[in-house]
Amino acid sequence: MDENTAAQFERGTDGPKVIVVGIDGSDSSWRAAAYAAGLARRQASKLALVYVQPVLPAGASMGAPVVDATNEVAEELMAEIRSATERLQGIYQVRWEFHTLRGDPYNGMVQMADDLKADAVVVGASESAGHRIMGSVAVRLVKAGRWPVTVVP
């Protein structure tokens, strides 16, 4: 990050203003969303829930069923978020927004955290054995060292 970018945006002066949380429908991502919502409520922060729709590698065929499935997941996540928000209406007030984009989960989270000028990023711990080899999104976000990252088990 160059000096001009740092001068345009000052992070963490009065607590987080924007908390970005990655969700994908897994249990750990819902725990991360609940944790982030609690932080947002206590800090009067905006909560940005982000679902990055996976894209198949270039060698695989990107058929309509895959696109439809990821769109369906995005719609289901949005419905669950709305339902939870309605249940808690009047008990907890949290300003939130939902974002979805296609791509690699790590790059999508980085893009959204940068675009939204996130003060904090919250993600669930990986539930995938394959991440032991390539590294989880959570570990890669921590290693990026650009925001405070909370990994929720």
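**Exercise 1. How many bridges join strand S2 to S3, and do the two strands run parallel or antiparallel?**

Solution. The model is a predicted one, and the strands can be followed in it by their residue numbers. Strand S2 covers residues 46-53, and 8 bridges join it to S3. The two strands run parallel. To place one of these pairings on the structure, begin at Leu-47, whose bridge partner in S3 is Trp-96. As a general background, strands of a sheet pair through backbone hydrogen bonds, either parallel or antiparallel.

**Exercise 2. Work out in which order the strands form the sheet, and which strands are the edge strands.**

Solution. Begin with the whole sheet, which is open and is formed by 5 strands in the order S3-S2-S1-S4-S5, with parallel pairing. Next, look at the two ends of that order: the edge strands are S3, residues 95-102, and S5, residues 149-152, and each of them pairs on one side only. Finally, follow the sheet from one strand to the next, where the twist averages 20°.

**Exercise 3. Describe how helices H2 and H4 lie against the sheet.**

Solution. Take helix H2 first, which spans residues 27-43 and lies across S1 (18-22), S2, S4 (120-124) and S5. Helix H2 runs at about 150° to S4. Then turn to helix H4, residues 105-115, which packs on the sheet and touches S1, S2, S3 and S4. The direction of H4 makes about 150° with that of S2. As a last step, ask which residues of H4 are buried: they are Tyr-106, Gly-108, Met-109, Val-110, Met-112 and Ala-113. The buried residues of H4 pack against S1, S2, S3 and S4, and also against helix H6, which covers residues 137-144.

**Exercise 4. Examine the loop between H2 and S2, and decide whether Ala-44 and Ser-45 are buried or exposed.**

Solution. Both residues belong to this loop, as Ala-44 lies between H2 and S2, and Ser-45 is found there too. For Ala-44 the relative accessibility is 58%, and because exposed means over 50%, Ala-44 counts as exposed. For Ser-45 the relative accessibility is 2%, and because buried means under 20%, Ser-45 counts as buried. The surroundings of Ser-45 can then be listed: leaving aside neighbours within four places in sequence, Ser-45 is in contact with Pro-16, Lys-17, Ile-19, Ala-40 and Arg-95. With one of these residues, Pro-16, there is a polar approach, in which the backbone oxygen of Pro-16 lies 2.3 Å from a polar atom of the Ser-45 side chain.

**Exercise 5. Find what phi Ala-44 and Lys-117 have, and state where Lys-117 is found.**

Solution. Ala-44 is not a glycine, although its phi is positive, at about 55°. Lys-117, likewise not a glycine, also has a positive phi of about 55°. Lys-117 takes this value just after H4, in the loop between H4 and S4. At 41% relative accessibility, Lys-117 counts as partly exposed.

**Exercise 6. Summarise the protein as a whole, from its elements to its surface.**

Solution. Count the elements first: there are 6 helices and 5 strands, and from the N terminus on they run α-β-α-β-α-β-α-β-α-α-β. Of the 153 residues, 32% count as buried. Among contacts with a separation of 6 or more, 77% come from residues 24 or more positions apart. The accessible surface comes to about 9,100 Å², and 53% of it belongs to carbon and sulfur atoms.

Notes: Residues numbered from 1 in each chain as written. Predicted model: local features only at pLDDT ≥ 70, side-chain atom pairs only at ≥ 80, totals over all residues. Heavy atoms only, no water. Pairing = 2+ DSSP bridges. Helix = DSSP H or I, 4+ residues; strand = E, 2+ residues; numbered from the N terminus. Axes fitted to C-alpha atoms, helices over the stretch in contact; angles between N-to-C directions. Contact = heavy atoms within 4.5 Å. Buried < 20%, exposed > 50% of the residue type's maximum accessible area, 1.4 Å probe, protein only. Polar contact = N/O pair within 3.5 Å; in protein donor to acceptor, adjacent residues only side chain to side chain. Areas by Shrake-Rupley, 256 points an atom, 1.4 Å probe, with all protein chains shown as cover.
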